Amino acid sequence: MAPLVSVLLPYRQAEATIEEALESVLAERAVDLEVVAVDDGSTDGGPARVARVAQRDRRVLQIATGGVGIARALSRAAEAARGELLARMDGDDISVGERLARQAETLLRDPRLGVVGARVEAFAAGPIGEGMLRYVDWLNSIVTPEDHAREMFVESPLCHPSVTLRRSALEQVGGFREVPWAEDYDLWLRLDAAGARMAKLPELGLRWRHREGRATFADPRYAIARFLEAKAHYLARKLGPARPVAVWGAGKTGRRLARALARNGVTPARFVDIDPRKIGRIAQGAPIVDPSRLERGAETLVVAVGARGARALIRGHLAARGFVEGSDYVCAS
């Protein structure tokens, strides 16, 4: 009989951590599971360690790709997996508690959900940067489907190795894909565009290890510029031609997003800013106006201001004037 959950675990050069990662998943007994461990081009002792675990636990299936990259490795894992639900795990992280059982229970209870993540804890051998700590705090603050939909274009709202998703939802949007930007963010954006709902367990489900050389820091597809391109690609489709578009933010963040949107066929008609030095000027051929000029229903507003705390202030201002997030405006920074 096929297990309910198949854990897709690609790894490369993970000799020091792979056994701990595997054991943290295999410790779960409240849900029927298998682990598809994909050696994606390791040259260290990681595959031998996986083999030792597989010898004593038949729930571990071993695959080797020769080194094809994470998206293709995940595709191979999904093809070999037998479960209705596909969970993710990396070879250097630690699954906590009964997160797979809880995620499976949540998905089975609500057929509208396509993905369920978990709150995470970042850890490393040395100090973790302030930016990453802020990101994890933000990530953990997003729990409900409404939270995830609202924050989708701000940043990637799910930690990839912490999720469990329906196979049917993954297949509906074309599976894992190789793209010029982060493959996980691309997947969330595709699922969001397809109407899939996402949620997160309100408890800790993964200890997320950060180390030198991790793709999050080393792979150019995870660079800020690539995230911007991903946002613009999908946001342009979401905005469409129905109404003109205005960008709140005539600073660096707003101008960069406006240029990216224009490359995807959506040219903002104007910018909005509170800086009196900018109001009345022209940016990228569009006028810069103050917020008092905004009129609900006249255009779709994209909020793109990089200053810390600005997003909350702008949301408060727009809510006070009756603007509805998701229909009148979307936050993208």
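Good morning. I shall begin with Gln 13, which sits in the loop between strand 1 (5-11) and helix 1 (18-26). The model we are looking at is a predicted one. For Gln 13, phi is near 50 degrees, a positive value in a residue other than glycine. Is this residue buried or partly exposed? Gln 13 counts as partly exposed, because its relative accessibility is 38%.

A second glutamine may be described beside it. Gln 284 is found in the loop between strand 11 (282-283) and strand 12 (286-289). Its phi is near 55 degrees, again a positive value in a residue other than glycine. Gln 284 has a relative accessibility of 37%, and therefore counts as partly exposed.

Let me turn from the loop to the strand that precedes it. Strand 1 is largely enclosed by the rest of the structure, because 7 of its 7 residues are buried. In general, the side chains of a regular strand alternate between the two faces of the sheet. Which residues of strand 1 lie on each side? On one side are Val 5, Val 7, Leu 9 and Tyr 11, and on the other are Ser 6, Leu 8 and Pro 10. These residues are all buried, and both faces of the strand are thus covered.

Strand 1 pairs with strand 2 in the parallel sense, over 7 bridges. To give one position, Leu 8 has Val 36 as its bridge partner in strand 2.

Strand 2 (residues 33-39) also contains Glu 34, and I would like to pause on this residue. Glu 34 has a relative accessible area of 5%, which means that it is buried, since the cut-off is under 20%. What joins its side chain to that of Ser 6? The two side chains are joined by a polar contact of 2.6 Å. Ser 6, as we have just heard, is one of the buried residues of strand 1. Leaving aside neighbours within four places in sequence, Glu 34 is in contact with Pro 3, Val 5, Ser 6 and Val 7, and also with Arg 59, Ala 81, Arg 82 and Gly 83.

We may now place these strands in their sheet. An open sheet of 8 strands has the order 3-2-1-4-7-6-8-5, and its pairing is mixed. Strand 3 (60-64) and strand 5 (94-95) are the edge strands, each pairing on one side only. Within this sheet, strand 4 (residues 85-88) and strand 7 (residues 164-166) pair in the antiparallel sense, over 3 bridges. Here Ala 87 has Thr 164 in strand 7 as its bridge partner.

There is also an open sheet of 6 strands, in the order 11-12-10-9-13-14, with mixed pairing. Which strands stand at its edges? They are strand 11 and strand 14 (329-331); each has a single partner strand, so one side of each is left without a neighbour in the sheet. Strand 9 (residues 245-248) and strand 10 (residues 270-272) run parallel and are joined by 3 bridges. Ala 246 stands opposite Arg 270 in strand 10.

I come next to the aromatic residues. How many aromatic pairs does the structure hold? It holds 3 aromatic pairs. Such a pair is described by the distance of the ring centres and the angle of the planes. For Tyr 185 and Phe 227, the centres are 5.4 Å apart and the planes stand at 35 degrees, so the pair is tilted. This pair links distant parts of the chain: Tyr 185 belongs to helix 8 (residues 183-193) and Phe 227 to helix 10 (residues 224-239), 42 residues apart. Tyr 185 is buried, because its relative accessible area is 0%. Phe 227 also counts as buried, because its relative accessibility is 16%.

Elsewhere, Tyr 135, Trp 138 and Trp 208 are linked into a cluster by ring pairs. A further ring, that of Phe 123, has Arg 207 over its face, at 4.0 Å from the ring centre.

Finally, a word on cysteines. How many disulfides does the structure hold? The number is 0. Cys 159 has a relative accessible area of 1% and is therefore buried. Cys 331 likewise counts as buried, because its relative accessibility is 0%.

In closing, I would return to the pairing of strand 1 with strand 2, and to the polar contact between the side chains of Glu 34 and Ser 6. Thank you for your attention.

Terms used:
Residues numbered from 1 in each chain as written. Predicted model: local features only at pLDDT ≥ 70, side-chain atom pairs only at ≥ 80, totals over all residues. Heavy atoms only, no water. Helix = DSSP H or I, 4+ residues; strand = E, 2+ residues; numbered from the N terminus. Buried < 20%, exposed > 50% of the residue type's maximum accessible area, 1.4 Å probe, protein only. Polar contact = N/O pair within 3.5 Å; in protein donor to acceptor, adjacent residues only side chain to side chain. Contact = heavy atoms within 4.5 Å. Disulfide = S-S within 2.5 Å. Phe/Tyr/Trp six-rings, centres within 6.5 Å; stacked < 30°, edge-to-face > 60°. Lys NZ or Arg CZ within 6 Å of the ring centre and 35° of its normal. Pairing = 2+ DSSP bridges.
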